[in-house]
Amino acid sequence: MAYSEIDPRIFNQNPDSTWINLGLWTGNCSYEKACERLAESVGEMVQMKASSSVLDVGCGNGDSLLLWKRMFQAGHICGVNISPTEVAAARSLTSHDEDIVVCKGDARSISSLVDISSFSHVVCVDCAYHFDTRKEFLEKLFETKKTRARLGVADLVLSCKWEQGLENSRSLWDIFLRSPYRAVILKALSVCAGIPFANLVYGPAGLEKFFDCEKRSSDFECRVVTDRVLLPFSSHLLAKECGSWAALFQVRATGLFLRIVAWLGCVDFVLYSCSIKEEGKG
Ligand SMILES: C[S@@+](CC[C@H](N)C(=O)[O-])C[C@H]1O[C@@H](n2cnc3c(N)ncnc32)[C@H](O)[C@@H]1O
């Protein structure tokens, strides 16, 4: 399922900002501040620091690439993104900094795009649920030998509540047999939001199982932050002023859609981190 590009002017208040994530909201903060906070939380979770070499998969228009440098003094930074328009925007935004490079490519081919073992940190801010599929991307990362990297992800997954009721059902049909209502809601969410269905069938427990399996990683940590993401972002969209009727329609429809998704409780927004196993360990 192809990712549809988002015009950053639709979400941002500040015309110089090109963030396109859902944000991690505190009080009445601005959209830009919420986006920075989300990325910063991922950086903190993986203990990014001065001299870290960072691989940012799904780097959008490049705002996060500047943030790793500004907030954590990261050394070498490489952004990867599938969209040619966003790659061009990210290159233009970071052109003054020779420590930052941006590659065009699909997260699923990450191991042929870059040498993963040359990075100390791999981060994905609000994008892994778009990868077709997330599991395929993670498998590629964990195939890598001789890496000591830490992985940090801000991601949308099946909610803890729904995951308990579905007990390892992974296909639409399996889910339908357990709960036709949940199968229909998840399929509708997949189609309306352009998220591959396979990324919506497991939540935090399923992720933990993936990392545990074959002893990929033993230090998986996950924080559920749904309340600070879905409803506040929806409120931002429902109140946002827009220059045209088309943009107004788009933000209000998206805002309303997210409100319904939050009310249904079918997905959780989570921050998770773990180490990507070293060769010969675990
Ligand atoms: C919601 S945006 C988040 C962008 C950015 N991380 C941010 O915080 O502003 C999702 C991003 O994932 C990228 N993306 C989607 N599918 C991808 C794929 N298969 N490989 C690489 N990037 C992908 C999109 O181009 C988009 O930039």
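1. Is Ser-217 buried or exposed, going by its C-beta neighbours inside 10 Å? This is a predicted model, and in it Ser-217 has 20 such neighbours, so it counts as buried. The cut-off for buried is 20 or more. The residue sits in the loop between α9 and β6. Leaving out residues up to four places away in sequence, Ser-217 touches Phe-211, Cys-274, Ser-275, Ile-276 and Lys-277. Its C-alpha atom is separated by 12 Å from that of Leu-138, 79 residues apart along the chain.

2. Now for other residues of that loop. Cys-213 is found between α9 and β6 too, but with 10 C-beta neighbours inside 10 Å it counts as exposed. From the C-alpha atom of Cys-213 to that of Ile-116 is 21 Å, for residues 97 apart along the chain. Asp-219 also lies in the loop between α9 and β6, and its 9 C-beta neighbours inside 10 Å make it exposed. Not counting neighbours within four places in sequence, Asp-219 is in contact with Cys-274 and Ser-275; both of these are also touched by Ser-217. The C-alpha atoms of Asp-219 and Ile-100 are separated by 29 Å, with their positions 119 residues apart along the chain.

3. Take a look at the backbone here. Glu-214, just after α9, has a positive phi of about 55°, and it is not a glycine. Lys-215 does something similar, with a positive phi of about 50°, and is not a glycine either. Most residues other than glycine have a negative phi, and most peptide bonds are trans. Both residues belong to the loop between α9 and β6. Glu-214 is exposed, because it has 10 C-beta neighbours inside 10 Å, and Lys-215 is exposed with 10 other C-beta atoms within 10 Å. I'd look at this pair in the viewer.

4. On to the helix before the loop. In α9 (residues 204–212), the buried residues include Pro-204, Leu-207 and Phe-211. They cover an arc of only 60° around the axis, so they are on the same side of α9. Elements that cover the buried residues of α9 include β5 (150–158), α6 (160–166), β6 (221–224) and β7 (267–275). Phe-211 is also one of the residues touched by Ser-217, which ties this helix to the loop in point 1.

5. Helix α8 (residues 180–193) has 14 residues. At 1.5 Å a residue these should span 20 Å, and the end C-alpha atoms are 20 Å apart, which agrees. Its buried residues are Ala-183, Ile-185, Leu-186 and Leu-189. They cover an arc of only 170° around the axis, which puts them on the same side of α8. This buried set packs against α7 (172–178) and α11 (245–264). On the face turned away from the buried side are the exposed residues Pro-180, Tyr-181 and Val-191. After α8 comes Gly-194, with a positive phi near 65°.

6. There is a cis peptide bond to check. The bond from Asp-132 to Thr-133 is cis, with omega near 15°. Thr-133 lies in the loop between β4 (121–125) and α5 (134–143).

7. What about the core? In soluble globular proteins, nonpolar side chains tend to be buried together. Here the largest nonpolar core has 80 residues, and Val-42, Val-54, Trp-68, Val-122, Val-125 and Leu-141 touch the most other members. Helix α1 (residues 31–45) gives the most to this core, with seven residues. Val-42 is in contact with Val-123, Val-125, Gly-152, Ala-154 and Leu-271, leaving aside its neighbours within four places in sequence.

8. Last, the ligand. Which residues around the ligand come nearest? Of the 22 in the shell, they are Asn-21, Gly-58, Gly-60, Ala-107 and Cys-127. By type, the shell divides into 11 nonpolar, seven polar and four charged residues. At least two residues of the shell come from each of α2 (63–72) and β2 (77–81).

Methods
Residues numbered from 1 in each chain as written. Predicted model: local features only at pLDDT ≥ 70, side-chain atom pairs only at ≥ 80, totals over all residues. Buried ≥ 20, exposed ≤ 12 C-beta atoms within 10 Å, placed from the backbone. Helix = DSSP H or I, 4+ residues; strand = E, 2+ residues; numbered from the N terminus. Arc of directions from axis to C-beta. Contact = placed C-beta atoms within 7 Å. Core = buried A, V, L, I, M, F, W, Y, C linked by C-beta atoms within 7 Å. Near = placed C-beta within 6 Å. Nonpolar A, V, L, I, M, F, W, Y, C, P; charged D, E, K, R; others polar. Expected span 1.5 Å × (residues − 1).
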